Amino acid sequence: RHAETGLGRAANLALAALPGFTLPGDISATARYYERDVTAPFVLTGGEMTVPSGPGIGITPVQEDLDALTTATEWIAAP
């Protein structure tokens, strides 16, 4: 079973909040799939979820959780 991490969930919430958008990806609560995620948990309140409002996709990963789950990295130099 596969579910979005908090990074993908934030992007999906931003899309789902757009006028006329009808087919969002996974926007369920974090606890449904993960005990620990790479972002702060997304929580349902009264059957709704708040769209993140920070810059970019609205959230920042928790660096120590991201580091703990990272298996490889690769840097690609700009042309």
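**Entry 1: the core**

Which residues make up the largest nonpolar core? Before answering, I note for myself that this is a predicted model, and I read every value below with that in mind. I looked up the core and found that it has five residues, namely A10, L13, A29, F42 and M49. In soluble globular proteins, nonpolar side chains tend to be buried together.

I then followed F42, one of the five residues of that core, to see what surrounds it. Leaving aside residues up to four places away in sequence, I found that F42 touches G6, R9, A10, L13, A29, T30, M49, P52 and I59. Among these partners of F42 are A10, L13, A29 and M49, which I had already written down as members of the core.

**Entry 2: the chain as a whole**

I stepped back to the overall layout, and noted that the protein chain has two helices and zero strands. Helix α1 covers residues 6-16, helix α2 covers residues 63-69, and a loop that includes T30 lies between them. Taken along the principal axes, the C-alpha atoms fill a box of roughly 40 × 35 × 25 Å.

I also looked up how much of the chain is covered, and found that buried residues make up 24% of the 79 residues. The chain exposes about 6,000 Å², and carbon and sulfur atoms supply 58% of that area. Turning to contacts between residues at least 6 apart in sequence, I noted that 53% of them join residues at least 24 apart.

**Entry 3: T30 in the loop**

Is T30, in the loop between α1 and α2, buried or exposed? I found a relative accessible area of 4%, and because buried means under 20%, T30 counts as buried. Its side chain reaches the backbone nitrogen of F42 at 2.8 Å, which brought me back to the residue I had followed in the core. Not counting residues up to four places away in sequence, T30 touches R9, D37, P41 and F42.

**Entry 4: the salt bridges**

How many salt bridges does the structure hold? I found two, and I looked at each of them in turn.

In one, R9 pairs with D26, with the closest N and O atoms 3.5 Å apart. R9 lies in helix α1 and D26 in the loop between α1 and α2, so this pair ties together parts that are 17 residues apart in sequence. I checked both partners for cover, and R9 and D26 are both buried. I had met R9 before, since it is one of the residues that T30 touches and also one of those that F42 touches.

In the other, the side chains of D65 and R36 meet at 3.1 Å, N to O. This pair links distant parts of the chain, with D65 in helix α2 and R36 in the loop between α1 and α2, 29 residues apart. Here I wrote down two separate values for cover: D65 is buried, with a relative accessible area of 15%, whereas R36 counts as partly exposed at 44% relative accessibility. Not counting residues up to four places away in sequence, D65 touches R36, D37 and V38.

**Entry 5: L66 and V38**

I moved on to L66, which is also placed in helix α2. At 25% relative accessibility, L66 counts as partly exposed. Its C-alpha atom is 5.1 Å from that of V38, although L66 and V38 are 28 residues apart in sequence. With residues up to four places away in sequence left out, L66 touches V38 and P61, and I noted that V38 is also among the residues touched by D65.

**Entry 6: the surface**

Which residues form a nonpolar patch on the surface? I found L15, L18 and F21, which together have about 240 Å² of accessible area. Of these I looked up L15 further, and it is found in helix α1, where it counts as partly exposed at 37% relative accessibility.

Lastly I checked T50, which lies in the loop between α1 and α2 and counts as exposed at 65% relative accessibility. T50 and L13 are 37 residues apart in sequence, and their C-alpha atoms are 8.1 Å apart in space. With L13 I am back at the nonpolar core where these notes began.

Terms used: Residues are numbered from 1 along each chain as its sequence is written. This is a predicted model: local features need pLDDT of at least 70, side-chain atom pairs count only at pLDDT 80 or more; totals for chains, interfaces and linings use all residues. Side-chain values use heavy atoms; hydrogens and water are left out. A nonpolar core is a set of buried Ala, Val, Leu, Ile, Met, Phe, Trp, Tyr and Cys residues joined through side-chain atoms within 4.5 Å. Buried means under 20% relative accessible area, exposed over 50%, partly exposed in between (1.4 Å probe, protein chains only). Contact means heavy atoms within 4.5 Å. Patches are made of residues with over 30% relative accessible area and no salt bridge: like charges are joined within 9 Å, nonpolar side chains (Val, Leu, Ile, Met, Phe, Trp, Tyr) within 5 Å. Accessible areas come from the Shrake-Rupley method with a 1.4 Å probe; for residues, only the protein chains shown count as cover. A salt bridge is a side-chain nitrogen of Lys or Arg within 4 Å of a carboxyl oxygen of Asp or Glu. Helices (H or I, at least four residues) and strands (E, at least two) are DSSP runs, numbered from the N terminus. A polar contact is a pair of N or O atoms within 3.5 Å; within protein, one must be able to donate a hydrogen and the other to accept it, and residues adjacent in sequence count only if both atoms are side-chain atoms.
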